[in-house]
Each structure stands twice: as C-alpha cells, then as structure tokens.
Amino acid sequence: MNPHFALPAAELTRLVQDAAARTRLLVDDLSDEQWKGPRLAIVNPPLWEVGHVANFYETFVLRELEPHRPPLIENGNERYNSFVIDHDDRWDAPLPDRAGTDAYRDRVQQALLERLDRREPGPRETYLVLLAVLHEDMHDEAFTYTRHTLEYHPPPLIAAGAGNGASAGGEGPLPGDVEVPGGTFMLGATPDEPFVFDNEMWAHAVDVAPFRIARAPVTNAEYLRFVENAGYLRREFWSYEGWRRRTRSGAEHPAYWRRRAAWERRHYDAWVPLEPHAPVIHVNWYEAEAWCNWAGRRLPSEAEWEL
C-alpha cells in the first residue's frame, strides 16, 4: 500500500455505513429459518456469516489498532474465524441467536464509528478500515449468491432495480473479435496505489503475444447451441476433471436452466425466459472450457484478460 495514503474520517465513516446498509438489505428480510439455512458445501449459514463480518472489523481494525481493547463478544475468534471453524462446523457452532448476532454487529459498528469520530486516521488505520469494508463487500456478494443458490426471494436492492431479472429487450448480437496488439504488460499492483490486496503484490513485467478476443461475452443463445448439440454428453469437449465432475452431477445444461415449452433460467425463486443476448452466467470453469473446445475458441490467460 501507499504508506502516505490516508482518507478523511468522514469518508471512511461513509464507506463503513454504506457497506453495513447493503448487508442489511441482503439479510434482514430473511426469516430466522433462512438465517440458519440448509447445510450445503457451497454456501455459509447467514447467521454465522453476519457474525463473521462483524468479527473481522473487531479483529482486524479495532483490536489491531487497540490491542488491549476488551473483546465485544466472548470467544469471538473460536466462533467466527474462518481459519479455525471448518465450513461444515459453522451450522453447529455455539453462536448467538439472530437477535444476539444483530446486537454484536451493532456494537462493533458503533465502536468503529466512535473511533473515527475521535480522530483523523493515518495511513495504517485507513488501510485496515478499507480492508474490512472490502471484506464486507465480498461477503455481500456471497449473501447474494447464497440467496440465489437456496432459491430465496430476491433481496430488496435487486428486486427494486431489476424486476424479475429478465432483460428489457432491444439488444442484439455483437459478433466478431478485436485485435489486441500485445506487448510487455505490468501485471499486478504498484506500491503507489492507495490500496492493494496482498495477492496483487507486486507488479512485474509479463510479455503478452498479440491475440484476438471476442467483442462481447458469450451469450445465452451461443451457449444454448452447445447444449442443444449434446455438448454436455460429448466427451471430446471436456477435460478429464471436467468430464468426471459432469458425469458425477449428471448435468446436461447449466445448473439454473430448464426446458419447458421454451428454455428458462431460474432467477432466485422464479423462472424467467432465457434471454438470448444476455451473457451466459452460472457456468463453471469446466463448462466454459468445454464450450470453447466445441466452438473452436479458448479461454484468455490471466495476463491477456488483465491487458
């Protein structure tokens, strides 16, 4: 990180409150039963995850900056540390109930806001607060896909802005490629940037050969041709691991597609018509790779994508 970069307390306060408000829009309308959720390998129980987000602020901001500060919840590390609590144990951990979890996150936020109100933060405090805010933002993505995975109703922030998720229409195909000249590319972050994650450290030169890339993402219509060409049943398009996973799951199309009179996709708890020109979503890496093999394409490398 830039050792001289600091944000005003008012701006950090705004960011903390913004992230907290978005989290509430993503979880507060769920029932107590939905906060617990079914035991599933690909999502967390929201009851644990809400507490985990609060505990991250407490551990990596409040107690990192004030090591002698008493904990705001008993055994918080043993309850919420994702390196300590195995995923499958998060449903059975001795957690506070929903009201207790709400009270804990309120206490943590209030303590952080009071600290920001007392002083202007320096670079280290700025970095730690931004780290915790971005961590909450990532969990907000997780709350969103958890709701979709478990067929919960859309969260208010999505329901208000996107209706049932169907495209408004009027789009069309955007075929063809663009030429990218390639060259030497600095991949990663530089020390003068205000905030970087540790896995972005540090920029290094990468030589990228000239390449072509599609002008637009693969669409539902393009992917549907692969599905209807029995692409999921043709071994030659799949890697060894991809085929093993596909046969184990029995998949013959993307996870949230189905065919009735016409093809549909699931949007949270509702089924909507498959929009032909919208980008295909909710396919995994192996499915994307298989489509590329079928279509005579390939996936871009990390350096190509960044460039």
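Let's start with charge: the chain carries 33 positive and 49 negative side chains, and the centres of those two sets sit 4 Å apart. Keep in mind as you look around that this is a predicted model.

**The whole chain**

What you have is a chain with 11 helices and 7 strands. Put a box around its C-alpha atoms along the principal axes and you get roughly 65 × 50 × 40 Å. Of the 307 residues in the chain, 41% are buried. The chain exposes about 16900 Å², and carbon and sulfur atoms supply 55% of that area. Now take the contacts with a separation of 6 or more: residues 24 or more positions apart account for 74% of them.

**Two helices to find**

Good landmarks are helices H5 and H6. Here is how they line up:

| Helix | Residues | Number of residues | First to last C-alpha | Expected span |
|---|---|---|---|---|
| H5 | 98–118 | 21 residues | 31 Å | 30 Å |
| H6 | 123–149 | 27 residues | 39 Å | 39 Å |

For H5, the reach is close to the expected value, and for H6 it is close as well.

How many of the 27 residues of H6 are buried? The count is 19, so H6 is largely enclosed by the rest of the structure.

H5 has its own set of buried residues, including Arg98, Thr101, Tyr104, Arg105, Val108 and Ala111. Further along H5, Leu112, Leu113, Arg115 and Leu116 are buried too. What covers the buried residues of H5? The cover includes helix H1 (9–27), helix H2 (32–36), H3, H4 and H6.

**Arginines in the loops by H3**

Two arginines in loops are worth a stop. Arg69 lies in the loop between helix H3 (46–65) and helix H4 (76–80). Is Arg69 buried or exposed? Its relative accessible area is 16%, under the 20% cut-off, so Arg69 counts as buried. Leaving out residues up to four places away in sequence, Arg69 touches Leu62, Arg63 and Ala111. Ala111 is one of the buried residues of H5.

Arg39 belongs to the loop between H2 and H3. With 45% relative accessibility, Arg39 counts as partly exposed. Which residues does Arg39 touch, not counting those up to four places away in sequence? They are Asp88, Trp91 and Asp92. If you'd like a feel for distance, try Arg39 and Leu116: they are 77 residues apart in sequence and 38 Å apart in space, C-alpha to C-alpha.

**The loop between E2 and E3**

Next, head for the loop between strand E2 (183–187) and strand E3 (204–208), where you'll find Trp202. A cis peptide bond joins Met201 and Trp202, with omega at about -10°.

Pro194 is in the loop between E2 and E3 as well. Pro194 has a relative accessible area of 42%, which makes it partly exposed. Its C-alpha atom is separated by 8.3 Å from that of Tyr127, although the two residues are 67 apart along the chain. Tyr127 falls within the residue range of H6, 123–149.

**Positive phi angles**

A few residues turn up with positive phi. After H6 comes Glu151, whose phi is positive, near 60°; Glu151 is a residue other than glycine. You'll spot Glu151 in the loop between H6 and helix H7 (156–162). Its relative accessible area is 48%, so Glu151 is partly exposed.

His282 also has a positive phi, about 60°, and is not a glycine. Look for His282 in the loop between strand E7 (270–273) and helix H10 (285–295). His282 counts as partly exposed, at 40% relative accessibility.

Tyr268 takes a positive phi near 55° in the hairpin of E6 and E7.

**The hairpin itself**

While you're there, have a look at the strands of that hairpin. Strand E6 (residues 263–267) and E7 run antiparallel and are joined by 4 bridges. How many residues lie between the strands in this hairpin? There are 2. Which residue in E7 is the bridge partner of Arg265? That partner is Val272. In a regular strand, side chains alternate between the two faces of the sheet.

Note on methods
Residues are numbered from 1 along each chain as its sequence is written. This is a predicted model: local features need pLDDT of at least 70, side-chain atom pairs count only at pLDDT 80 or more; totals for chains, interfaces and linings use all residues. Side-chain values use heavy atoms; hydrogens and water are left out. The expected span of a helix is 1.5 Å times one less than its number of residues. Buried means under 20% relative accessible area, exposed over 50%, partly exposed in between (1.4 Å probe, protein chains only). Contact means heavy atoms within 4.5 Å. Accessible areas come from the Shrake-Rupley method with a 1.4 Å probe; for residues, only the protein chains shown count as cover. Lys and Arg count as positive and Asp and Glu as negative; His and the chain ends are not counted. The place of a charge is taken as NZ of Lys, CZ of Arg, CG of Asp or CD of Glu. Two strands pair if DSSP finds at least two bridges between them.
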